[in-house]
Amino acid sequence: MAPLTMTWTLTLPPWRHLAADARLATSPLARWRARGDCLPDAMPGRECLIRDIFLFAGASLPIAALTRELDAGDAAGSLWLRADPAYVRADMVTARLMACGELGLTREECDALVQPLRPLFGDAGFPLEATTTSRWYLRCPPGAQLPTFATPDEALGADLGDHLPSGDVGRRWRSLFTEAQVLLHNHPVNRQRIARGQVPANALWFWGAGLLPEWVKSSVTAVHSDDEVVRALAQRAGVEVRMLADAPAGEGEVFVDLATTRADTITTWIERADAALATKRTATLQLMFESGERWHVTRGQRWRFWRRVRPLSAA
């Protein structure tokens, strides 16, 4: 007989987002919340969820190095910075970041767009590579002093002036940001995209700086995730990696990363987890919400009938 799954850990979006969706608010999550055990809250945020699953050295998550390793396998020994294609829109008052990364660029468009940018960044000591159509990288010199960069999620829709690097160290990067905008603004690729009703790649967004961790550890035996950072960490830790569309892993401690996926995918995995719990294919569920809430659920808790099941609420 094949080994049985013992533990599933599900990371989930913020509680209020789930409560606002009628289907999710009345899903098995409501029963788990009512009859499971509430654990002390953790710090909110995506990075806190990731650090609960993966152990690695360093105070920050080196997103650029991790995704570069996943994309090209050559991240070790260099300091990396993401310089993703972005769409910036100016209004009467300011300019705002409207999209970053996935702009629907083709490989040919990427190659054409980076051509005038390479001398700019190469002369500054930061060679630019459009490794994928949505993830572009700067290889930084050893010991380069980099400012704090805002993530795309932090800057999306906001005034750029509030999120560009500040101070003396940031001045160089503000200049590179502006010079890249000038080169991209009238690029033939962008003129063609605008004529077709597509958003232009008229800026680069710098973020995710760091070195590849020398080691990554995790107690889980399999990871289901569509997030490239989680997949890169799992790969570095020697953990089996599957997409969310793949069949559930069959044994050990399984981590299912649902915090940034669609509601229908979350619903599918909640139903799978509930079925596994009911048929004794799993012993426990660990629920970790991006807003910080934590719950522990076991099969025997379904008999706690005195705990009334109500739909999730935002309160």
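Which helix holds D274? In this predicted model, D274 is found in helix α12, which covers residues 263-278. D274 has a relative accessible area of 16%. The residue is therefore buried, as the value falls under the 20% cut-off. Its side chain makes a polar contact with the side chain of R31, at 2.7 Å. R31 is also among the residues that D274 touches beyond its neighbours within four places in sequence. The others in that set are P28 and W32.

Salt bridges were searched for across the whole structure, and 21 were found. Three of the pairs are described here in turn.

One of them joins the side chains of R139 and D74, with an N to O distance of 3.6 Å. This pair links distant parts of the chain, 65 residues apart. R139 sits in strand β7 (residues 137-140). D74 sits in the loop between α5 (63-72) and β4 (79-90). R139 has a relative accessibility of 28% and counts as partly exposed. D74 is likewise partly exposed, with a relative accessible area of 28%. Both values lie between the 20% and 50% limits, so neither residue is classed as buried or as exposed. R139 and D74 also belong to a network of salt bridges. R68 and E129 are linked in that network as well.

A second pair is formed by R193 and E109, whose side chains meet in a salt bridge at 3.0 Å, N to O. R193 lies in helix α10 (residues 188-195), and E109 lies in helix α6 (residues 107-114). The two positions are 84 residues apart in sequence, so the salt bridge ties together separate parts of the chain. Both partners, R193 and E109, are buried.

The third pair consists of D264 and R262, with side chains that meet in a salt bridge at 3.6 Å, N to O. D264 has a relative accessibility of 40% and counts as partly exposed. R262 has a relative accessible area of 58%. R262 is classed as exposed because this value is over 50%.

The burial classes of the residues can be set side by side. D274, with its polar contact to R31, is buried. R193 and E109 are buried too. R139 is partly exposed, and so is its partner D74. In the pair of D264 and R262, D264 is partly exposed, whereas R262 is exposed.

Terms used. Residues numbered from 1 in each chain as written. Predicted model: local features only at pLDDT ≥ 70, side-chain atom pairs only at ≥ 80, totals over all residues. Heavy atoms only, no water. Helix = DSSP H or I, 4+ residues; strand = E, 2+ residues; numbered from the N terminus. Buried < 20%, exposed > 50% of the residue type's maximum accessible area, 1.4 Å probe, protein only. Polar contact = N/O pair within 3.5 Å; in protein donor to acceptor, adjacent residues only side chain to side chain. Contact = heavy atoms within 4.5 Å. Salt bridge = Lys/Arg side-chain N within 4 Å of Asp/Glu carboxyl O.
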